[in-house]
Amino acid sequence: MPKFTDYKIADLSLASQGRGEIELAEKEMPGLMCLRSIHEEKPLKGERIVGCLHLTTQTAVLVETLISLGADVRWASCNIFSTHDPAAAALVDKGIPVYAWKGESLKDYWLNIYKTFQFKLGPTLIIDDGGDATLMSHLGLDYETSMSESNSFDFPNVDKELKDLLGSIYKDNPKFWRGIFLTLKGVSEETTTGVHRLSQMEKEKKLMIPAYDVNSSATKSKFDNLYGCRESLADGIKRATNTMIAGKVVHISGYGDVGKGCAQSMRALGACVYISEVDPICALQALMEGYTVLPIEDVVDKADIFVTATGCKDVITYSHMELMKDSAIVCNIGHFDDEIDMATLNKNKVSVKTIKPQVDVYTIQYEDSTHDIVVLASGRLVNLGCANGHPSFVMSMSFTNQVLAQLELSKISLTHRLSPKVYKLNRLQDEQAALLHLKNKSAKLTTLTPEQADYLNVSVSGPFKTDFYRY
Ligand code: NAD
Ligand code: RBV
């Protein structure tokens with residue numbers, strides 16, 4: 001047999017550690033393990049899946065679940081710092097094509113995503129987190145079309161590394177992306193920011209394939225975004241700085257699902273928590289929980305730790321950093337790194353010292369004196385950059401929804417088309433994902449009597465809520 005060379009990772013010798021960690025994670029991922037056992041008929045046979053989602057131990061369990069359901073997969077990470085190198089090695093050791101390592105350059109980041117599209121027969125499905133694989137394929141197609149018609153292309157605001165790569169792919173094969181869209185049937189998207197991007201594409205009539213919004217399942221966003229961040233934010237800050245949270249003033253921008261989890265976690269550890277919000281409903285929710293709601297400007301000189309959790313941009317500006325206390329810790333847990341103005345910080349700094357990977361101390365000047373700002377993971381998701389992301393159990397809930405979405409998309413064929421819109425899983429699927437995670441827990445459901453079900457106008461076996469219920 002020829003030697004397996006279809007991969008690029010940090011260190012294959014980490015495979016046995018990675019395998020051990022995957023085996024531990026499997027015990028905490030009942031949803032995924034159950035899907036493996038109930039689908040012995042290989043419903044994903046024939047599917048060729050492009051994966052662009054943090055290559056962590058939990059994702060490795062997802063990858064092996066997709067394979068056990070019959071799919072072929074190729075995988076890259078959706079962030080330059082989030083790969084867990086032992087998990088990547090364990091997958092490669094099993095002959096799975098993985099292109100990901102912790103600390104990739106942006107050039108390699110885009111090249112790795114491109115590699116995942118390279119199935120001999122073309123990909124059929126994408127699993128995306130944040131929308132970069134979707135962006136690359138759609139932009140690639142636009143680029144090819146425009147270049148072939150007018151030999152010019154007006155790029156939107158994207159990384160220079162992506163622009164350069166699309167240029168060189170076009171030189172090698174001017175029909176590469178057209179070929180991809182001949183076989184591509186759909187995408188399922190993991191996170192809030194990725195779903196925003198898909199909805200925007202749908203609105204502008206630029207979406208070429210049907211897309212499943214996995215984030216909207218209650219068993220995803222009401223658990224992963226909330227309880228996942230409740231555990232992994234503190235993990236990231238502590239592994240990076242070992243700082244004591246108790247007694248600190250923590251400012252959190254954004255009180256959506258992620259912000260709520262972050263705030264609970266910081267308060268539980270003894271911090272005094274301030275929240276900023278633009279949405280009056282979320283601001284009122286924060287107030288009802290006893291947090292102080294103020295714009296960042298009002299507390300910028302008081303907080304010890306700043307966390308952005310908005311999915312918005314320019315939330316912490318350089319002018320904010322100028323007014324911060326000496327050695328304030330600044331980090332982001334939202335999907336992209338544009339919540340903190342790293343570009344101006346890098347331009348205006350007096351100096352920067354890297355304490356260890358993903359922990360940088362910037363010295364900046366304000367008026368006549370200098371002070372330090374401790375920046376974690378270069379402004380990228382702190383829980384995945386400075387720690388290993390969410391725990392397995394909550395990722396099992398998210399990834400159960402991913403598998404359910406892939407199973408829906410795999411039903412698409414010439415006879416069963418879906419228009420290129422954003423779809424959601426239904427309430428019953430959501431409740432089933434929850435059920436799989438209640439097994440072996442100290443919980444026993446109450447069963448409605450037929451009369452009670454009739455009275456509530458629901459079925460005894462669910463769904464118990466309408467699609468509009470908010471949880
Ligand atoms: P959300 O929409 O529920 O919450 C975001 C909140 O931020 C909203 O309430 C919004 O009103 C508020 N906001 C927007 N701009 C603001 C600003 N300039 N100042 C103050 N508040 C502002 O979204 P979410 O599900 O909480 O996700 C937030 C981000 O975190 C997204 O980028 C998402 O993709 C990402 N995410 C990360 C992880 C992780 O593991 N790191 C997990 C889940 C989601
Ligand atoms: N996330 N993945 C992990 N351990 O694999 N942790 C967090 C993990 C995902 C989470 O689902 C969120 O929506 C996304 O990362 C943001 O990029």
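This is a short tour of one chain and a ligand, moving from the whole model to a single residue.

**The whole chain.** Begin with everything displayed, and keep in mind throughout that this is a predicted model. If you colour by secondary structure, you can look for the 19 helices and 15 strands of the chain. Turn the view along the principal axes, and the C-alpha atoms fill a box of roughly 70 × 70 × 45 Å. How does the radius of gyration of the chain agree with that of a compact globule? With 471 residues, a compact globule would have a radius of gyration near 23 Å, and because the chain has 23 Å, the two agree. Of these 471 residues, 46% count as buried. Among the contacts between residues at least 6 apart in sequence, 75% join residues at least 24 apart.

**The two domains.** Next, select residues 12-216 together with 390-432, which the domain assignment gives as domain 1, and then colour residues 228-380, which are domain 2, in another shade. The C-alpha centres of domain 1 and domain 2 lie 30 Å apart. Where the domains touch, the contact takes eleven residues from domain 1 and eleven residues from domain 2. Which helix gives the most to the side of domain 1 that touches domain 2? Select residues 192-203 to find helix α9, which gives three residues to that side. By class, this side of domain 1 has three nonpolar and eight polar residues, with no charged residues.

**Around ligand 2.** Now centre the view on ligand 2, which has 16 residues around it, and show Thr56, Gln58, Thr191, Gly389 and His390, the ones that come nearest. The elements that give two or more residues to this shell are α3 (57-68), α10 (218-241) and α17 (392-410), so that you can select each range in turn. When the shell around ligand 2 is sorted by class, it has eleven polar, three charged and two nonpolar residues.

**A residue in helix α5.** Finally, select residues 106-116, which form helix α5, and pick out Ile113 within this helix. Is Ile113 buried or exposed? Ile113 counts as buried because it has 27 C-beta neighbours inside 10 Å, where 20 or more are needed. Leaving aside residues up to four places away in sequence, Ile113 touches Cys52, Ala76, Asp132, Ala133 and Met136, which you can show alongside it. As a last step, draw a distance from the C-alpha of Ile113 to that of Pro97: these two residues are 16 residues apart in sequence and 12 Å apart in space.

How values were computed:
Residues numbered from 1 in each chain as written. Chains lettered and ligands numbered in written order. Predicted model: local features only at pLDDT ≥ 70, side-chain atom pairs only at ≥ 80, totals over all residues. Near = placed C-beta within 6 Å. Helix = DSSP H or I, 4+ residues; strand = E, 2+ residues; numbered from the N terminus. Nonpolar A, V, L, I, M, F, W, Y, C, P; charged D, E, K, R; others polar. Rg over C-alpha atoms; globule rule 2.2 N^0.38 Å. Buried ≥ 20, exposed ≤ 12 C-beta atoms within 10 Å, placed from the backbone. Contact = placed C-beta atoms within 7 Å. Domains from an automatic or database assignment.
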